[in-house]
Amino acid sequence: MIIKKNQSLLKLNSFKIDVYAKEYVEITCESELLELYRQHRKKKILFIGGGSNILFTKNFNGLVVHLNIKGKNYKKINDKYVMVSASSGENWNDLVNWCVNRDFGGIENLSLIPGNVGGAPVQNIGAYGRELKDVLVSCRVYNWENGSFCEYECSQCDFDYRNSIFKKNKNLLITKVNLKLTSKNHLIISSYSGINEELKKLGVKNASIKDISIAVSNIRSRKLPNLDKIGNAGSFFKNPIIEKNQLDFLVKNFENIPYYSVENNLFKIPAAWLIEKCGFKGKKFINFGVSKKQPLVLVNYGGANGKEILQLSKSIVSTVKKIFRINLETEVNII
Ligand code: EPU
């Protein structure tokens with residue numbers, strides 16, 4: 001475990017913001033985490049994983065800890081299920097491919113989501129009709145408050161739309177996740193956001209989980225900016241969930257507004273639609289802006305600073321509020 005001074009975080013955040021940490025350390029096994037706790041727990045610390053859901057607006061005047069523990073394996077549960085265990089520093093999409101290649105079903109709809117395994121439960125990643133909570137059995141967690149390891153069962157994780165106990169309590173550090181996946185009789189979910197259309201285009205009739213993974217990857221590659229080329233952190237905002245009376249106001253005033261019924265008389269509105277209607281889609285300010293493919297995603301075309309992007313996000317929030325009376329919440333962690 002080597003603590004480095006004045007480390008650039010450029011390569012550690014997918015927004016590609018060039019900020020510095022006063023101190024930096026990479027953790028590659030659980031014993032290093034224990035050592036870190038013993039020696040440095042009094043310091044001001046920021047834990048990061050894949051860095052794909054973070055916007056740095058300034059240098060970090062403390063110790064940045066990059067949790068990067070690797071390893072994955074599986075055990076047969078019975079005829080129909082396997083338990084896949086993966087350490088938090090594994091790349092999420094590598095894990096998806098590893099599972100799809102072994103014909104383990106359950107996370108293929110979550111193909112090509114950026115970030116690491118450890119970040120997946122934090123915001124209960126979700127796409128194309130699947131959320132992590134649908135397959136997660138438990139997480140191994142290091143509690144930074146008392147320096148001990150414990151196991152969080154799925155029901156203890158407070159999972160909700162892009163939310164969890166780990167998002168609320170930053171002292172709970174995930175070191176491993178256990179997922180229950182199908183080894184046969186897979187549940188194929190293809191009714192969301194163009195998957196069926198994509199399968200048709202590919203000439204697929206009875207889709208396998210590999211077909212779903214390919215279809216989702218194709219759609220994501222078309223609809224979202226390429227992370228290797230353009231700095232971004234995926235959806236910057238959550239899709240707002242509103243009550244019936246708010247929906248009535250919107251439907252009355254904005255004829256074609258799309259919405260989806262969720263539960264208990266609540267409705268989800270695509271934030272992308274609201275942002276596009278406010279005229280922000282594709283808007284570019286020198287070296288940052290709003291993606292021209294998906295307005296939920298703010299982008300750094302190269303060399304932008306986090307403060308400018310934060311300012312843009314605030315101006316989107318206030319415009320949406322003014323026009324639609326809806327409060328957009330950010331999904332990305334602002335540091
Ligand atoms: N829309 C527009 N203009 C656009 C794009 C979309 O008006 O340019 C509207 C349309 O009405 C469209 C709707 O938004 O039907 C939904 O769009 P999309 O299917 O692209 O999904 P989303 O709701 O915008 C969510 C997740 C994505 C996930 C997709 C696919 C959130 C905050 N985002 O986006 O997650 O990939 O569904 O299931 O829930 C991420 O979290 O980083 C992320 C990319």
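## A hairpin to start with

How many bridges join strand β10 to strand β11, and do they run parallel or antiparallel? In this predicted model, 6 bridges link β10, which covers residues 136-143, with β11, which covers residues 148-153, and the two strands run antiparallel.

You can follow the pairing at the level of single residues: Y142 has F149 in β11 as its bridge partner. Between the strands of this hairpin lie 4 residues. Look for G147 here as well, where phi is positive, near 65°.

## The chain as a whole

Stepping back from the hairpin, you will find 9 helices and 20 strands in the chain. The radius of gyration is 20 Å, close to the 20 Å that the globule rule gives for 335 residues, so the chain is as compact as a globular protein of that length. If you turn the model along its principal axes, the C-alpha trace spans about 60 × 50 × 35 Å.

Contacts tell us how the sequence is brought together. Taking those between residues at least 6 apart in sequence, 61% join residues that are at least 24 apart.

## Inside and outside

What share of the chain is buried? Of its 335 residues, 50% count as buried. The chain exposes about 16,400 Å², and carbon and sulfur atoms supply 47% of that area.

## Where the charges sit

Finally, a word on charge. The chain carries 50 positive and 30 negative charges. The mean position of the positive charges and that of the negative charges are 4 Å apart.

How values were computed:
Residues numbered from 1 in each chain as written. Predicted model: local features only at pLDDT ≥ 70, side-chain atom pairs only at ≥ 80, totals over all residues. Heavy atoms only, no water. Rg over C-alpha atoms; globule rule 2.2 N^0.38 Å. Buried < 20%, exposed > 50% of the residue type's maximum accessible area, 1.4 Å probe, protein only. Contact = heavy atoms within 4.5 Å. Areas by Shrake-Rupley, 256 points an atom, 1.4 Å probe, with all protein chains shown as cover. Lys, Arg positive; Asp, Glu negative; His and termini not counted. Charge placed at Lys NZ, Arg CZ, Asp CG, Glu CD. Pairing = 2+ DSSP bridges.
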